[in-house]
Amino acid sequence: MKRVEFFIVGNGLAGTMLAFEMLKNNIEFRIISSPEKSRASEVAAGMINPLVFKRLTKSWMVDELLPVAKERYQNLENLLGEQFYFEKKILKPLSEQEKELWLERKQNQAFNSYISLVDDFSPVKNVMQAAGYTQVSGSGYVALFSFLKFADNFFKKQNLVVDATFNIQQIKPEADYFEVDGVKASKVIFCEGAHIRHNPLFQWVKMVPVKGEVLLIHAPTLSEEFILNKKVFVLPVGNQRFKVGSTYDWSDLSDIPTEQGKLSITERLENVITCDYKIENQWAGVRPATIDRRPVLGRHPGNRNLFVFNGLGTKGVMLAPYFAREMVSLITSLNYEVIPEVRVERFNKIP
Ligand SMILES: Cc1cc2nc3c(=O)[nH]c(=O)nc-3n(C[C@H](O)[C@H](O)[C@H](O)COP(=O)(O)OP(=O)(O)OC[C@H]3O[C@@H](n4cnc5c(N)ncnc54)[C@H](O)[C@@H]3O)c2cc1C
């Protein structure tokens with residue numbers, strides 16, 4: 001029977017980026033890909049925004065995360081032969097008060113590379129009237145659906161995927177291996193996204209999963225030059241199609257799109273754009289957020305052969321490449337310590 005070193009449970013963005021990182025480091029693994037469990041990464045808009053607009057601060061660790069993300073996605077584009085990573089400025093309409101704050105921040109060295117312009121006029125038409133408009137750089141998106149499709153095919157061709165749902169009940173406490181469909185592994189890394197809440201081994205990790213919905217619209221006369229953002233994002237994905245979102249729901253954690261979600265998004269959309277559009281599709285998914293909104297990396301305190309990589313929350317695209325690399329350092333070195341903010345031990349109150 002084939003025996004490898006690791007199982008990676010889940011092939012969303014976390015599991016996929018980790019698998020590429022492990023491949024690069026010649027670590028033997030199999031991906032356990034569930035035919036029945038949903039993946040948030042498939043429905044995510046894939047946007048990269050270096051700023052937090054609410055407080056007008058930089059996104060957590062953005063100066064470290066962005067260069068790694070850019071390098072890694074571009075590197076994978078070369079490997080897979082397809083473009084997924086797109087740089088695109090965000091155009092944000094501003095109130096008079098906001099304009100003042102943005103002008104002030106623009107003078108600040110730390111924001112130099114992220115605020116490229118604050119102006120009185122919109123550079124494109126069919127955008128709402130506002131007191132000002134700012135342009136954010138360092139932003140863009142990863143076409144996640146297509147990235148994951150190419151990645152899945154790549155790993156399948158190399159026989160690195162087992163199509164199965166990992167069943168925790170089947171773990172044999174006395175065995176020194178884990179087994180799925182005739183393949184054995186010495187260790188398991190759980191990258192289950194929001195499904196982690198059903199994993200009895202990691203129930204103590206404080207997750208606050210949040211459902212989100214996204215629309216795909218066709219807007220023939222809307223400019224594709226910018227990602228628009230004003231209480232809603234309008235992200236051009238080609239052929240005059242735009243992804244528009246999002247919503248935040250902490251009570252309904254299903255993957256089912258709702259009329260209420262659609263209405264909430266279109267109401268905000270119609271405040272931002274002034275042209276016609278048609279809705280062509282709608283998706284929903286559950287973001288794997290933690291209570292402190294930081295990723296979770298580490299080893300199970302009761303079983304040194306079990307690991308977790310999760311908590312990518314609302315910013316998975318920017319976080320996954322950097323922390324997949326950290327995960328590899330952690331599993332290959334007994335003494336490696338990830339930064340305290342992301343250590344699984346911060347939730348360490350296991351029964
Ligand atoms: C509507 C919406 C919009 C979003 N927009 C953005 C955005 O613009 N930018 C951004 O950065 N992030 C965005 N996100 C967040 C982003 O989707 C997540 O951060 C990221 O996709 C999480 O990846 P993941 O791999 O942890 O989880 P998932 O993608 O959910 O993957 C989990 C995987 O684990 C598998 N799995 C679970 N349990 C088992 C088991 N027992 N056995 C086998 N497999 C199992 C599932 O099948 C799945 O493949 C958005 C999310 C949503 C819902």
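Domain bounds here come from an automatic or database domain assignment, and the model to which they are applied is a predicted one. With that in mind, begin by colouring the protein chain by domain: the assignment gives domain 1 as 3-43 + 145-206 + 292-347 and domain 2 as 90-141 + 209-287. The C-alpha centres of domain 1 and domain 2 lie 32 Å apart, and the contact between them takes 7 residues from domain 1 and 8 residues from domain 2. If you sort the domain 1 side of that contact by class, you will find 3 nonpolar, 3 polar and 1 charged residues.

Next, select residues 47-48, 85-87 and 140-142, which are the strands β3 and β6 and the strand β10. Together these 3 strands form an open sheet in the order β3-β10-β6, with antiparallel pairing; β3 and β6 are the edge strands, each of them pairing on one side only. Between β3 and β10 there are 2 bridges, and a useful place to centre the view is Ile 48, which stands opposite Gly 140 in β10. Now add residues 62-80 to the selection, since this is helix α3, which packs on the sheet and touches β3, β6 and β10, its direction making about 130 degrees with that of β6.

From there, move to β9, residues 132-136, and show the strands on which it pairs. Strand β7, residues 90-94, is joined to β9 by 5 bridges in the antiparallel sense, and Ile 90 can be seen opposite Val 136 in β9. The pairing of β8 with β9 is also antiparallel and runs over 4 bridges, with Asp 119 standing opposite Tyr 133 in β9. Is β9 largely enclosed or left open by the rest of the structure? Because 4 of its 5 residues are buried, β9 is largely enclosed.

Stay with the connection that leads into β9 and select Asn 126, which is placed in the loop between β8 (115-119) and β9 (132-136). The backbone deserves a look here, as Asn 126 has a positive phi of about 65 degrees although it is not a glycine. With 16 other C-beta atoms within 10 Å, Asn 126 is partly exposed.

A second residue to select is Lys 231, in the loop between β15 (227-229) and β16 (233-238). Its phi is near 65 degrees, again a positive value in a residue other than glycine. Is Lys 231 buried or exposed? The cut-off for calling a residue exposed is 12 or fewer other C-beta atoms within 10 Å, and Lys 231, with 11 such atoms, is therefore exposed.

For the last stop, go to the loop between β17 (241-245) and α6 (259-272), where Ser 246 is found. Display the backbone atoms of Gly 245 and Ser 246, and check the peptide bond that runs from the one to the other: it is cis, with omega near 5 degrees.

In the loop between β17 and α6 you can also select Tyr 248, which is partly exposed, having 13 other C-beta atoms within 10 Å. Leaving aside its neighbours within four places in sequence, Tyr 248 is in contact with Val 210 and Gly 212. To relate this stop to the open sheet visited earlier, draw a C-alpha to C-alpha distance from Tyr 248 to Ile 48: the two residues are 200 residues apart in sequence and 18 Å apart in space.

Conventions. Residues are numbered from 1 along each chain as its sequence is written. This is a predicted model: local features need pLDDT of at least 70, side-chain atom pairs count only at pLDDT 80 or more; totals for chains, interfaces and linings use all residues. Two strands pair if DSSP finds at least two bridges between them. Two residues are in contact if their C-beta atoms, placed from the backbone, lie within 7 Å. Axes are lines fitted to C-alpha atoms, for helices over the stretch in contact, and angles run from 0 to 180 degrees between N-to-C directions. A residue is buried if 20 or more other C-beta atoms lie within 10 Å of its own, exposed if 12 or fewer, and partly exposed in between; C-beta atoms are placed from the backbone. Ala, Val, Leu, Ile, Met, Phe, Trp, Tyr, Cys and Pro count as nonpolar, Asp, Glu, Lys and Arg as charged, and the others, Gly among them, as polar.
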